[in-house]
Amino acid sequence: TSGVLASMHKVFNTKAGEGCDGNGGGILTVGSSGWITGQSYMFMGPLLAAVRSVMMVGSPVYPSPLRMIETVASERCTILKTGSAVVRQLMTDTANAAKLDALDTSCLRCATFCAEPVSMEVHKYGHKHITNNFINSYWATEHGSMVLSRDVSRGAAGEVEVKPDTRTWPLPWVSVALDPESSDVVITSPYPSLALTIFGHPEHLNEPNWRGDLEKYCKTYWPPNGGGFVQGDVARSAGEGDDRGFTFHGRSDEVINVNGNRVGTEQIERCLWGLEVGEAASDEADEKKSEGSYAVKDCCVVGAPDFVKGTTPVAFVVFKGSDSAGPDLTAFKSLAAMAVTSTLGAYAIPDHIFAVDMLPKTITNKTARKTLQLLLAGHDAPSGNLAKKDVLPPIAKAVKDWRIIGAMMASEIDLTRYWDKYTFSEHNVLGQVILPGAGWLTLLCSELGTQRLSNVSFMKGVHESDVELRMVKRRRVVHATVGDDVVFKLNTESELANPANVGPKVFRDSEVVMANDSSAEDPEITEDSTAAQHYRRCKGIGLNYSGAYRAVKGVEWHNHIFRADVESTHLPAILDAGLQVVCTAVRANTFIPVGVGNFHLLEGADSGFEGIKCVVHGEILEQHQDSIIADLRYERQSTSGLKAFSAMERVRFARVDGKKPRLQPKSLGKRSNNGGLQTQDPKETLSQLRQLTEEKRLDAISTVVRDVISDLTDTEVDFEKTAFENGMHSLNAVELLSRINNMLGTVITTKLIAPDAKMSEFVKAVSDHVTADEANKEGTSKLPFPNVDYEGLNKLFHRRLAGKKVGQIPRLFAFAYIARLFFKQVARLFRSGMFKFFLFPPKQVGDLSAELVQKRRVKFKDLDLNQHFTVAQIIDRSVDGVEQIMSNSGLVHVEMYYGRNLFAAKINATFHKELGFYQPYEIRSKITKIRGSLIDIRIAFVDANEHLCFEVLWTVLIVLDSKESTLLDWENIDLMEGKWLAAGPHHGS
């Protein structure tokens, strides 16, 4: 009480009985009666000083923002004590200045701010429009009363000129210093009203020696070597000599350290006030600047954790303006950056600016900065102290999204708390316990607080729980390391998960049943698709699962689509079950997941799955020799049927042999000292190759070439010898190029390999191709099979249509051939569309990637002694599909131009389902790959229920000269102008 009474006399020059004569006067304190300001200067101070106290019920800015000043004028108050928030509220409307000037406030002998840091703009506004006797004061609850205010040594209140510069001076009984490092205000010696302890140990409250929690009091307010009482507010010395005072800049937690630079958040806020920006265009096509504009109505800057800067400023801004599309935030951020840079420096530019409808305010209209700080740090923020609790949820949602895609963070992940919980020791691949990809996805969604991840790449396995796993997040990009090894990287997404739109929509001949539709019957799981069958297959290829990870109960395949019944105790095992099915999709081959395009997860990481039946719907989108790409959707049983809760889009699987990916060179398998690459994604590999120096790029490509040739020929490559001398002739050369393209993401063709050139020259040509602009052009071609020489083929078509050719068939041979096959071929010509080719010959290459379906269905009736349909007949009918491909695409022109037919280099035939006697089957034909001299054509026999029953894979080529072993190269068409090819066998020279 002594401090409050002394400040009433010294600061306000109160006189006993002031305002008690019925003619107005007294003090108006704007604050809550339950808080220290109200208790001290609304009740205690006026009572002790015998001064009238004017009290308002309700908000000081409602129903009119001028309510406080209107009360001053009507009650003829001589003293006003208010927080700066009320004045800032008045400043949000430019019309208020004129309204204030119209009110008579000449009665005010003194007005003062308190509690919050005050900017010079706010002080000037109050000085100009409320009273020129507006001073600034500072104190906190622990101080007991005001400790810094106007310079009372210069004279009485109302008699000394006041400068609106926010400065304050210590009151006579207070001794103040500044900490040279932190700028904290230090009370160097105690005075009567300073707090003596804090409440604590209530069980001893009635004991004579009770002194509260003195230990906590000393630890909090009297730090070792602190120089005195430190309450936690920051100030700066302002002025010179006798005129030296102090300006306050808020709590020490409102002064942030950005890259070693200390700056007050109030200083940054000051830069934002006064900025004005045009509204965002509502029509994207309209590039003209809108006539509307937006200004800052209110703002707050607080510090957010940043692993690079330590702390980074983040601004929350309330805009005022016309009701249209809203402010152009990009333009405002640019203006803010320029304003902050010119005043403080680039280090203080807000990392992000949130446009909000309203700032969270306490019941005394103070901005709840601590609430915003908690949200930015990823914590839940209480709303009990807020005047309007509905303000917080939209801000919390915006901050959460920013933390996912905009914040810069680093943290240690404690794997031990996940390892046993999700039984990772039960997941064994190729003889080693390894943390599964599904486990990574689960714990990352939990750690990052998101439902979606994208571009996930699993880089290196983690085999035990006691590793130091560090995760670094740069905006959306996240990567984690164990020691110097990167174990995964990904991008975060703020959008909500949408798993229902991922994966196949049809299984067999009916729609996949989902969400609220349980009418369809479950497909029957066949005998050879049981859990026992699945895990026998897993064990056979080195995938030794146990416990919760034996979650697959049954699998049914239909062409490239599957359905799996799954049941386990926790989420990672459920998710891993879908991956297991794809890993074992190709018999006698082991595939492992190495990346996920997009991951969706609606369930929390701690969701229970005990006793809940789940279903995985999957579809293999692409299948290559060394990789698979698939979509997976996960559904769980609910009261309304199956409901999708998770999904993985474009999951990448890599083929492994032993413990490393097949033909994955050391420099491409992990980060090496010479700058080797560390990913198996061909597109990413190509990007990284371009970033290497030429020497390192040549070394990486040489390693790939060496491993491929060694695999094809079982010999060591000699780069000083030619491709032919290294065994790269004919089909081997084609396979070499195909594998290099698959592994490196290139689109190299046979134009780059010369039989008489050294292999080192070939490596150099591949390196040049990687860095050349042509590589990008070819890689982004819209035509299927961009390696094909379309220009050469179209020239051939035009020459053939003009009646030119280079091949000659002997007439006698042609007559005998046609006579022998006349009836058979005539029927085939009708089926394959050859007559249409002769009537309407195509003038350019057709769509080589199109799948063709014959209108006429084929029926089989020829049986062998085992009463099985003869494979010879089925393959013979598959020729119809091959010829249909040739006629539809126009490639028959090629056969006629050279006088050569296709030659089958390889045929693979597979039964997928027993054929029915004399049942109709549809023939579907499609070119699957073109590389060098080879064309792969898939002929599928499909029954009426869309079941794949039989499949023939043709690998065909055209032999131009059998004596010289000259093949037609589809990547480098030779028109052989001026030459004449003779058909038939060649005799000796």
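Where is the place of serine 193? The points below take up this question and then other parts of the predicted model.

1. Serine 193. This residue sits in the loop between β9 (184-187) and α7 (214-221). Its relative accessible area is 14%, and because buried means under 20%, serine 193 counts as buried. A polar atom of its side chain lies 3.4 Å from the backbone oxygen of histidine 143. Apart from neighbours within four places in sequence, serine 193 is in contact with Ser2, Gly3, Glu142, His143, Gly144 and Ser145.

2. Histidine 201. The loop between β9 and α7 also holds histidine 201. Phi of histidine 201 is positive, near 50 degrees, in a residue other than glycine. Histidine 201 is partly exposed, at 40% relative accessibility.

3. The chain overall. The protein chain has 26 helices and 44 strands. Of its 989 residues, 51% are buried. If one takes the contacts between residues at least 6 apart in sequence, 68% of them join residues at least 24 apart.

4. Threonine 78. The loop between α3 (67-75) and β3 (79-83) contains threonine 78, which is buried with a relative accessible area of 13%. Its side chain and that of glutamate 18 are joined by a polar contact of 2.6 Å. Leaving out residues up to four places away in sequence, threonine 78 touches Glu18, Gly25, Gly26, Cys107, Leu108, Arg109 and Cys110. Threonine 14 is 64 residues from threonine 78 in sequence, and their C-alpha atoms are 9.3 Å apart.

5. Backbone details before α3. Two places deserve a look here. Alanine 50, in the loop between α2 (36-49) and β2, has a positive phi of about 60 degrees although it is not a glycine. Alanine 50 is partly exposed, with a relative accessible area of 34%. Further along, tyrosine 62 and proline 63 are joined by a cis peptide bond, with omega about 10 degrees. Proline 63 belongs to the loop between β2 (53-54) and α3.

6. Helices α4 and α6. Two packed helices are described by the angle between their axes and the distance between the axes. For helix α4 (residues 84-91) and helix α6 (residues 120-129), the axes come within 10 Å and cross at roughly 80 degrees. Angles of 65 to 115 degrees count as roughly perpendicular, so α4 and α6 are roughly perpendicular to each other. On the α4 side the contact involves Ser84, Val87, Arg88, Leu90 and Met91, which meet Glu121, Val122, Tyr125 and Gly126 in α6. The residues of this contact divide into five nonpolar, two polar and two charged.

7. Helix α14. In α14 (residues 531-540), the buried residues are Gln533, His534, Tyr535 and Cys538. Among the elements that cover them are β27 (543-545), β28 (552-558) and α15 (571-583). Glycine 542 follows α14 and has a positive phi, near 90 degrees.

8. Arginine 563. Strand β29 (residues 561-566) is the place of arginine 563. Although its side chain is charged by residue class, arginine 563 is buried, at 7% relative accessibility. A polar contact of 3.1 Å links the side chain of arginine 563 with the side chain of aspartate 565.

9. The nonpolar cores. How many residues does the largest nonpolar core have? The count is 67, and the residues with the most contacts inside this core are Trp440, Leu453, Phe599, Leu632, Tyr634, Met648 and Phe653. Helix α15 gives the largest share of the core, nine residues. For leucine 632, contacts beyond four places in sequence are with Val502, Phe562, Gly578, Leu579, Val582, Val616, His617, Gly618, Ala647, Met648 and Val651. There is also a second, separate core of 39 residues, which includes Val892, Ile935, Phe941 and Leu968.

10. Valine 734. Is valine 734 in helix α19 buried or exposed? Valine 734 is buried, with a relative accessible area of 5%; helix α19 spans residues 731-744. Without its neighbours within four places in sequence, valine 734 is in contact with Arg931, Gly932, Ser933 and Leu934. The C-alpha atoms of valine 734 and threonine 750 are separated by 7.4 Å, the two residues being 16 apart along the chain.

Key: Residues numbered from 1 in each chain as written. Predicted model: local features only at pLDDT ≥ 70, side-chain atom pairs only at ≥ 80, totals over all residues. Heavy atoms only, no water. Buried < 20%, exposed > 50% of the residue type's maximum accessible area, 1.4 Å probe, protein only. Helix = DSSP H or I, 4+ residues; strand = E, 2+ residues; numbered from the N terminus. Contact = heavy atoms within 4.5 Å. Axes fitted to C-alpha atoms, helices over the stretch in contact; angles between N-to-C directions. Parallel < 35°, antiparallel > 145°, perpendicular 65-115°, else oblique. Polar contact = N/O pair within 3.5 Å; in protein donor to acceptor, adjacent residues only side chain to side chain. Core = buried A, V, L, I, M, F, W, Y, C linked by side-chain atoms within 4.5 Å.
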